[in-house]
Amino acid sequence: MSLFGDDPEREQFFEIAKQQAQREFESDNTNVQALVRWGGALLELAHFKQGDESADTIKEAITKLQQAISLDSDRTDAYWCLGNAYTSLGFLCPDKSKANQNFKEASKAFKHCYEKEPSNETYKKALEMCEKAPDYYDEIQSHIAQSGGGGGGEMGGGGGSKKGAGPSSKVPEWVWDLGGWTLLAGAVAAAVIIAKVTTPQVAASS
């Protein structure tokens, strides 16, 4: 995480990127690039949320990414982010059947990327990881159960979790990294690169 320093800096970076992408799209509703950056930033911000709030942020990211794809179905970066969003959402679902539905959607998105660029090893790896996602999901559920988590709502938060409410009030960091999913965190790499170009001027005007 040295690129951003500590977590507050990282969160602030993506919050600024999200706000700028939102402004750009609202001023031009054909700006697909802004939508992809918006969705990518939301996906990153979900890592700083808890419980249902985290899942809701991912769902919002999915909406933006699907909107981008509806405007330009050839956007590989949008599909790539979408695959990661569905993967993350799947891991947060307390119901395994719903989790598997999300993993299937993730696989479709990654397959689209791989078909576009069959020589891309990262896309190939993403598809392989999707096949293992249900097994990783079981490991996460076991971990949550051992931590005293569970209950209603999305995994790791129930419904009204607050910061500092206990070890199960926030999705454990290893959930995001499990089984090499850090590789898939590169889903927002393109969004970050694009956002980084304009972030300084936004920060300066804040």
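Helix H1 passes helix H2 in a left-handed crossing. In this predicted model, H1 comprises residues 7–27 and H2 comprises residues 32–45, and the two helices pack with their axes 8 Å apart at an angle of about 150°. Angles over 145 degrees count as roughly antiparallel, and H1 and H2 are therefore assigned to that class with respect to each other. Phe13 is located in H1. The C-alpha atom of Phe13 is separated by 8.9 Å from that of Ala41, a residue 28 positions away along the chain.

The helical pair belongs to a chain in which 9 helices and 0 strands are assigned. Read from the N terminus, the order of elements is accordingly α-α-α-α-α-α-α-α-α. The chain has 206 residues, of which 47% count as buried.

Aromatic contacts were examined next. With ring centres required to lie within 6.5 Å of each other, the count comes to 6 aromatic pairs. One of these is formed by Phe13 and Phe14, whose rings are arranged edge-to-face, with 5.1 Å from centre to centre and 90° between the planes. Both partners fall under the 20% limit for burial: Phe13 has a relative accessible area of 12% and is buried, and Phe14, at 3% relative accessibility, is likewise counted as buried.

The rings of Phe103 and Tyr137 provide a further pair, with centres 6.3 Å apart and planes at 75°. Because planes over 60 degrees apart count as edge-to-face, the pair of Phe103 and Tyr137 is placed in that category. Phe103 belongs to helix H5 (residues 96–116), whereas Tyr137 belongs to helix H6 (residues 121–146), so the contact ties together parts that are 34 residues apart in sequence. Phe103 counts as buried at 4% relative accessibility, and Tyr137 is buried with a relative accessible area of 1%. In addition, Trp80, Phe110 and Tyr123 are linked into a cluster by ring pairs. A contact of another kind involves Trp38, over whose ring the charged end of Lys64 sits, 4.0 Å from the ring centre.

The geometry of H5 was then compared with expectation. The expected span is 1.5 Å times one less than the number of residues; the 21 residues of H5 should therefore span 30 Å, and the end C-alpha atoms are indeed 30 Å apart, in agreement with that value. The buried residues of H5 include the aromatic residues Phe103 and Phe110. Ala99, Asn102, Ala106, Ala109, His112 and Cys113 of H5 are buried as well.

Lys124 is placed in helix H6. Its relative accessible area of 36% lies between the 20% and 50% limits, and Lys124 is therefore classed as partly exposed. The C-alpha atoms of Lys124 and Lys111 are separated by 8.2 Å, the two residues being 13 residues apart along the chain.

Methods
Residues are numbered from 1 along each chain as its sequence is written. This is a predicted model: local features need pLDDT of at least 70, side-chain atom pairs count only at pLDDT 80 or more; totals for chains, interfaces and linings use all residues. Side-chain values use heavy atoms; hydrogens and water are left out. Rings of Phe, Tyr and Trp (its six-membered ring) pair if their centres lie within 6.5 Å; planes under 30 degrees apart count as stacked, over 60 as edge-to-face and the rest as tilted. Buried means under 20% relative accessible area, exposed over 50%, partly exposed in between (1.4 Å probe, protein chains only). Helices (H or I, at least four residues) and strands (E, at least two) are DSSP runs, numbered from the N terminus. A charge sits over a ring if NZ of Lys or CZ of Arg is within 6 Å of the ring centre and within 35 degrees of the ring normal. Axes are lines fitted to C-alpha atoms, for helices over the stretch in contact, and angles run from 0 to 180 degrees between N-to-C directions. Angles under 35 degrees count as roughly parallel, over 145 as roughly antiparallel, 65 to 115 as roughly perpendicular and the rest as oblique. A crossing is left-handed if the near helix is turned anticlockwise from the far one by less than a right angle, and right-handed if clockwise.
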